[in-house]
Structures are given as structure tokens and as C-alpha cells.
Amino acid sequence: MTPIMMTMRAVVLSEPGPVGNLQIRDLPIPRPAPGWVRIAVRAFGLNRSEVHLRRGLAEGARLPIVPGIEAVGVVDDAPDSDLRPGQQVAALMGGMGRSFDGGYAEYTVVPRAQIVPFTSELPWDVLGAVPETLQTAYGSLAIGLDLQLGQSLLIRGGTSSLGFATAALAKALGATVLATTRHRDRLDVLAAHGVDHPLVDDGDVARQVRRILPDGVDAALELVGTPTLPDTLNATRVHGTVCFAGMLSDQWTVPEFYPIAYIPRGVRLTGYGGDAADLPAPVLQRALDGIAAGTFAMGPLRTYPLDRIRDAHQALEDNSGSGKIVVTI
């Protein structure tokens with residue numbers, strides 16, 4: 001299926017810097033090679049890693065590039081593929097927006113392996129908030145933490161989009177969920193999204209956790225970064241697990257790391273960074289069906305048009321609100 005238009009609007013980053021370096025340009029519509037699929041993009045979520053890319057903190061990225069590690073839309077052209085034109089799909093990870101042009105465009109071309117089909121009547125901005133966030137939340141719980149039915153979970157960085165999604169998945173497992181925010185006025189938002197114990201992050205969350213669970217939590221998901229990681233480890237019980245999966249603080253390395261002194265006795269430290277293969281199509285479909293039915297919620301949503309991509313990026317960088325930012329085409 002060949003689009004009528006020969007060019008498309010896309011966001012291009014030519015060099016690292018402020019949001020002004022994101023330029024909307026007319027580019028040729030890309031053609032899919034065998035094994036690749038062209039998607040007519042309807043929406044894409046913004047992610048912290050794309051702020052890192054824009055600021056020059058991402059390793060292994062080529063420039064100039066169309067950023068964007070995820071997108072949702074419909075199949076436009078799928079040579080030699082099991083996908084059909086018009087089919088709803090999500091595309092994520094696998095080098096999108098890093099080694100090849102990503103989702104910040106009216107069309108994107110992606111390897112078939114990075115595509116997850118779905119069927120939904122939800123609005124495109126709601127759909128755009130789901131893929132990468134759900135993949136990371138699901139992978140963090142299933143792979144990074146191996147969270148079991150009825151265990152307790154601490155989410156450090158609970159008002160991020162990933163924090164809300166993780167809380168929703170954990171509650172479906174019957175977990176007792178504790179989650180942090182730096183803003184006291186967001187405690188009610190956490191509670192409204194199923195968090196059993198919303199906590200203000202005062203730098204000593206371990207003390208607060210052990211007032212509720214004296215032995216510490218069974219599992220903890222670190223989304224803020226290395227500045228809070230020691231305290232998160234101290235909030236976790238012996239034989240409990242901490243999974244490092246986020247960098248809201250933009251700090252992700254520990255200088256002069258000495259494991260015996262850094263990691264509390266008997267606490268396990270893991271990490272998670274996944275791919276499209278970690279988001280099975282049935283998991284995505286169940287989440288979308290749950291959102292449509294009102295039984296599953298992934299947190300607040302803020303929507304911007306493509307023309308306001310700079311405003312959207314600035315809002316994400318400033319942490320000016322909670323939940324996911326989505327840009328619609």
C-alpha cells in the first residue's frame with residue numbers, strides 16, 4: 001500500500017542540546033526492506049531515554065536521527081510479512097530512535113520482530129501511553145523481581161508512568177504496594193491508583209517502610225536512579241530483591257562501587273532493560289482490554305500535538321507532572 005503523500009512530517013535531532021534542537025521537517029516517506037514493516041503512526045509516548053538522547057547522554061546513537069523508541073499506529077506496508085495493511089500495531093525498542101529512525105514521525109519503518117499486534121477501540125493517545133511502559137513494568141516484575149502472588153513491593157518513583165503501570169500489574173498479583181513521590185500533593189493520586197501505602201520521599205524511605213513492614217519489603221523497583229538506590233536496598237528484607245530499571249534522576253552509575261559495603265547483607269540486586277520480545281501480545285491485549293473495561297489503569301495522561309513536541313519534551317525533562325506524556329499525529 002503506497003501512501004498518497006510522498007513526504008512526511010518528522011521530528012529530527014541533528015545535534016544534542018535543548019528542546020530547540022528538535023526540528024519538525026519534511027522527509028521522504030521511508031520504504032520497508034524485506035522483514036521490515038512501515039507503520040502509519042497515530043501516537044507515540046515520550047520516554048526518559050529520549051531526553052537522554054536529546055541531551056547527548058545516550059551511548060551508541062547516530063545523529064541526525066528521528067527519535068522515538070515506541071509508537072502505535074496501523075500497518076501501511078508489510079512486504080513478506082504476516083501483518084496486513086490497516087492492522088493496529090505497537091512498535092518498540094530494538095534500536096528505534098537510536099540506530100535507525102524511530103517513532104517521532106508520521107511514518108516509521110521497523111523490523112517485524114519489534115512489532116506487537118493488538119485490537120482496540122481506545123483513543124490513540126491512550127494507546128500511545130501503553131507499549132514501552134507496559135513492557136518495562138511487566139519485564140521488571142516478571143524477570144527483574146520475579147514478584148510472587150501476595151508479596152510486598154516498593155516502587156521508588158511511583159508517580160512516573162512506569163510507577164503507575166507497575167503498581168497496576170502488582171495489584172493484579174495481589175501485592176501490597178508501597179510507592180514514593182517527592183510531592184506531598186501527589187499522595188492522593190497514588191492512593192487513587194491502588195497504592196496501599198503512598199510515601200513522601202524524604203531521603204529516608206527505608207525508615208518509613210520498616211515502620212509498616214519491620215523486616216522490609218519483599219521486592220523493590222528502583223526508578224529514580226543511583227542517588228536513592230542505597231536507601232531502597234535498605235528498605236528490602238534479607239533475601240528480598242531490588243531491581244534497577246529507571247533513571248529519573250539522570251544518574252545511573254555508582255562511582256567506586258564496592259559490592260560488600262554497598263549491598264546490604266542478603267539483599268539481591270538485579271537490573272532490567274528489555275525489548276519487544278518481553279511484551280507478549282496477550283499481555284498487551286489484556287492490558288488494553290482492562291483499560292477499556294475500567295479494571296486496569298496506567299496513570300494520568302498528558303497529550304500534546306506533534307507541533308508541540310518541544311513543549312512535551314520540556315515537560316518531561318522538568319518532571320512537571322505525573323504519568324505519561326503522549327504526542328498524537
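The following dialogue examines how several descriptions of this predicted model are justified.

Visitor: What makes the overall dimensions of the protein agree with those of a compact globule?

Guide: With 329 residues, a compact globule would have a radius of gyration near 20 Å, and the protein has 20 Å, so the two agree. Along its principal axes, the C-alpha trace spans about 65 × 40 × 35 Å. The protein contains 10 helices and 15 strands, and 53% of its 329 residues count as buried. Among contacts between residues at least 6 apart in sequence, 69% join residues at least 24 apart.

Visitor: Why is helix H3 called oblique to helix H4?

Guide: Two packed helices are described by the angle between their axes and the distance between the axes. Helix H3 (residues 131-145) and helix H4 (residues 161-172) pack at an angle of about 55°, with their axes 9 Å apart. That angle makes H3 oblique to H4, because angles under 35 degrees count as roughly parallel and those of 65 to 115 as roughly perpendicular, and about 55° falls in neither range. The crossing of H3 and H4 is right-handed.

Visitor: Which residues of H3 and H4 meet, and how many of them are nonpolar, polar or charged?

Guide: From H3, the residues Thr133, Leu134, Thr136, Ala137, Tyr138 and Leu141 meet Ser161, Leu162, Ala165, Thr166, Leu169 and Ala170 of H4. By class, this contact has eight nonpolar, four polar and no charged residues.

Visitor: Why is valine 89 called buried?

Guide: Valine 89 has a relative accessible area of 0%. Buried means under 20%, so valine 89 meets the criterion. This residue lies in strand S5 (residues 88-92).

Visitor: Which residues does valine 89 touch, leaving aside residues up to four places away in sequence?

Guide: Valine 89 touches Ile39, Leu83, the residues Ala71, Val72, Gly73, Val74 and Val75, and also Ile115, Val116, Pro117 and Phe118. For one of these, glycine 73, the C-alpha atom is separated from that of valine 89 by 5.7 Å, although the two residues are 16 residues apart along the chain.

Visitor: How do you know that glutamine 87 is buried as well?

Guide: Glutamine 87 has a relative accessible area of 14%. Since the cut-off for buried is under 20%, glutamine 87 is therefore classed as buried. Glutamine 87 is found in the loop between strand S4 (70-77) and S5.

Visitor: What does glutamine 87 touch, again not counting residues up to four places away in sequence?

Guide: Glutamine 87 touches Gly73, Val74, Val75 and Pro117.

Note on methods: Residues numbered from 1 in each chain as written. Predicted model: local features only at pLDDT ≥ 70, side-chain atom pairs only at ≥ 80, totals over all residues. Heavy atoms only, no water. Axes fitted to C-alpha atoms, helices over the stretch in contact; angles between N-to-C directions. Helix = DSSP H or I, 4+ residues; strand = E, 2+ residues; numbered from the N terminus. Parallel < 35°, antiparallel > 145°, perpendicular 65-115°, else oblique. Left-handed = near helix turned anticlockwise from the far one by under 90°. Contact = heavy atoms within 4.5 Å. Nonpolar A, V, L, I, M, F, W, Y, C, P; charged D, E, K, R; others polar. Rg over C-alpha atoms; globule rule 2.2 N^0.38 Å. Buried < 20%, exposed > 50% of the residue type's maximum accessible area, 1.4 Å probe, protein only.
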